[in-house]
Amino acid sequence: MAAAATGACAAAASAADPIRIGSVLSVSGPAAFLGDPELKTLQLYVEKINAEGGVLGRKLELVHYDDGSDAAKANSFTKRLIESDKVDVLIGGTTTGATMAMAPLVEKASLPFISLAGAVVVIDPVKKWVFKTPHTDRMAAEKVFEDMKKRGINKVGLLSETSGFGASGRKEAQAVAAKYGITLVADETYGPKDTDITAQLTRIKSAPGVQALFVFGLGQGPAVVTKNYGQLAMASLPMYQSHGVASDEYLKLSGKAAEGVRLPTPALLIAGALPAGDAQKPVVTNYDKAYKERYKTEPSTFGGYALDALNLSVDAIKRAGGTDREKVRAALESTKGFVGTTGVFNMSPLNHMGLDLSAFRMVEVKNGDWQLLK
């Protein structure tokens, strides 16, 4: 009887243990404007969920580290989260480089991992334990080329960053261009820390028949490109950016030179412009309100990626009935019709992201703000 009683006590203690959410984010360094709102969002919503009673009667505990936008640090912090902190789920990998440094470790440890990085390589090919919330770079290229086609643009200059995200974006843009009748008449690159990109832009400007510029990067680089574009008076050449700049920070850094820039974005960026019947409208407007109230600043789509990752994790844990890793992984993989800030998620064993092109909205910068394109 004593042994049985001891066992019952142990089970009760285990049930009351916190659910540990591990996180490695780029809160400092070049990708800080992505990682900072991601961390703030996780902190805000872990607090909110706990105030509402937690998950399955257990509190959430956020264990987070800042990789400083360094993939090697992301790798070492992931080891710590797995081996020392014993987390139940991992959210993070702000950048593609960090995510790919983390992925082999979570696969080996059999730990559910939801990445916040953009490149398609994160989930293609499918990795058993790796999922992600942002749209892929392949989808971004397709959405941009779709819009270009509508405008009669078929000769494009590509300018991509040499980061993991930019390099993957370049590869995907090259792969899908022909599908939309697009010819890449120029193909230039720049480094994520470059402070002047006029030489590459000048070469694109003089490319035979070029009709538009497509920039693939994240962080401060695309804003440098935009300012240089303005200095070179290239407004006659429409500029497109990827979802890697879908935040108000890009507008602040780019200034007036961003006028007319188009890009694909999650719904959050234009929450107020969504029609009343849009399934995402209540989700994005509630997040927008909560974030502004807490931090007195605008939320970003990158914070939205983190919110979706947390909510998907919580949903999977609830459906799994606990934190058994295989059950949580299976629940994530079977997610259907889950409305997030990024889109409606429908995952499967062959699709560990679960978004389609309808999750992207095309916007244009007009009078220093985002305008939804019909």
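Helix axes here are lines fitted to C-alpha atoms over the stretch in contact, and angles between them are taken between N-to-C directions. With that in hand, a good place to start in this predicted model is the pair α5 and α6. Helix α5 spans residues 137–150, while α6 covers 164–176. The two pack at an angle of about 50°, and their axes lie 8 Å apart. Angles under 35 degrees count as roughly parallel and those from 65 to 115 as roughly perpendicular, and α5 and α6 are therefore oblique to each other. Their crossing is right-handed. On the α5 side, the residues that meet α6 are Asp137, Arg138, Ala141, Glu142 and Phe145. Facing them from α6 are Phe165, Ser168, Gly169, Glu172, Ala173 and Val176. Sorted by class, this contact holds five nonpolar, two polar and four charged residues.

Next comes the pairing of α3 with α4. Helix α3 runs over residues 71–83 and helix α4 over residues 96–109. Their axes are 7 Å apart and make an angle of about 25°. Since angles under 35 degrees count as roughly parallel, that label applies to α3 and α4. Here too the crossing is right-handed. Helix α3 brings Ala71, Ala74, Asn75, Thr78, Lys79 and Ile82 to the contact. From α4 come Gly97, Ala98, Ala101, Met102, Leu105, Val106 and Ala109. The class count for this contact is nine nonpolar, three polar and one charged.

A further pair joins parts of the chain that are well separated in numbering: helix α2 (residues 32–51) and helix α11 (residues 301–320). Their axes come within 7 Å and cross at roughly 40°, again in a right-handed sense. The α2 side of the contact consists of Phe33, Leu34, Pro37, Glu38, Thr41, Leu42, Tyr45, Val46 and Ile49. Those residues meet Phe302, Gly303, Ala306, Leu307, Leu310, Asn311 and Val314 of α11. Twelve nonpolar residues take part, along with three polar and one charged.

Now for the empty spaces. The largest pocket has a volume of about 310 Å³. Sixteen residues make up its lining, and the ones closest to the pocket centre are Pro30, Ser69, Thr95, Ser163 and Pro192. Helices α4 and α6 turn up again here, each supplying at least two residues of the lining. By class, the lining of this pocket has five nonpolar, nine polar and two charged residues.

As for cavities, a search of the whole structure turns up one of 30 Å³ or more. The largest cavity has a volume of about 100 Å³. It is lined by 15 residues, with Leu116, Gly118, Phe165, Leu218 and Phe302 nearest its centre. Phe165 is also part of the α5 and α6 contact, and Phe302 belongs to the contact of α2 with α11. The cavity lining comes out as eight nonpolar, seven polar and no charged residues.

Two backbone details round things off. The peptide bond that joins Asp124 and Pro125 is cis, with omega at about 5°. Pro125 sits in the loop between β4 (113–115) and β5 (130–132). Ser110, for its part, has a phi near 55°, which is a positive value in a residue other than glycine. Ser110 is found in the loop between α4 and β4.

Terms used:
Residues are numbered from 1 along each chain as its sequence is written. This is a predicted model: local features need pLDDT of at least 70, side-chain atom pairs count only at pLDDT 80 or more; totals for chains, interfaces and linings use all residues. Side-chain values use heavy atoms; hydrogens and water are left out. Axes are lines fitted to C-alpha atoms, for helices over the stretch in contact, and angles run from 0 to 180 degrees between N-to-C directions. Helices (H or I, at least four residues) and strands (E, at least two) are DSSP runs, numbered from the N terminus. Angles under 35 degrees count as roughly parallel, over 145 as roughly antiparallel, 65 to 115 as roughly perpendicular and the rest as oblique. A crossing is left-handed if the near helix is turned anticlockwise from the far one by less than a right angle, and right-handed if clockwise. Contact means heavy atoms within 4.5 Å. Ala, Val, Leu, Ile, Met, Phe, Trp, Tyr, Cys and Pro count as nonpolar, Asp, Glu, Lys and Arg as charged, and the others, Gly among them, as polar. On a 1 Å grid over the protein atoms alone, a cavity is a set of points where a 1.4 Å probe fits but cannot get out, and a pocket is an open set with protein on both sides within 12 Å along at least five of seven lines; lining residues have an atom within 4 Å of a point. Grid points are joined across faces, edges and corners, and a volume is the space filled by probe spheres set on the points.
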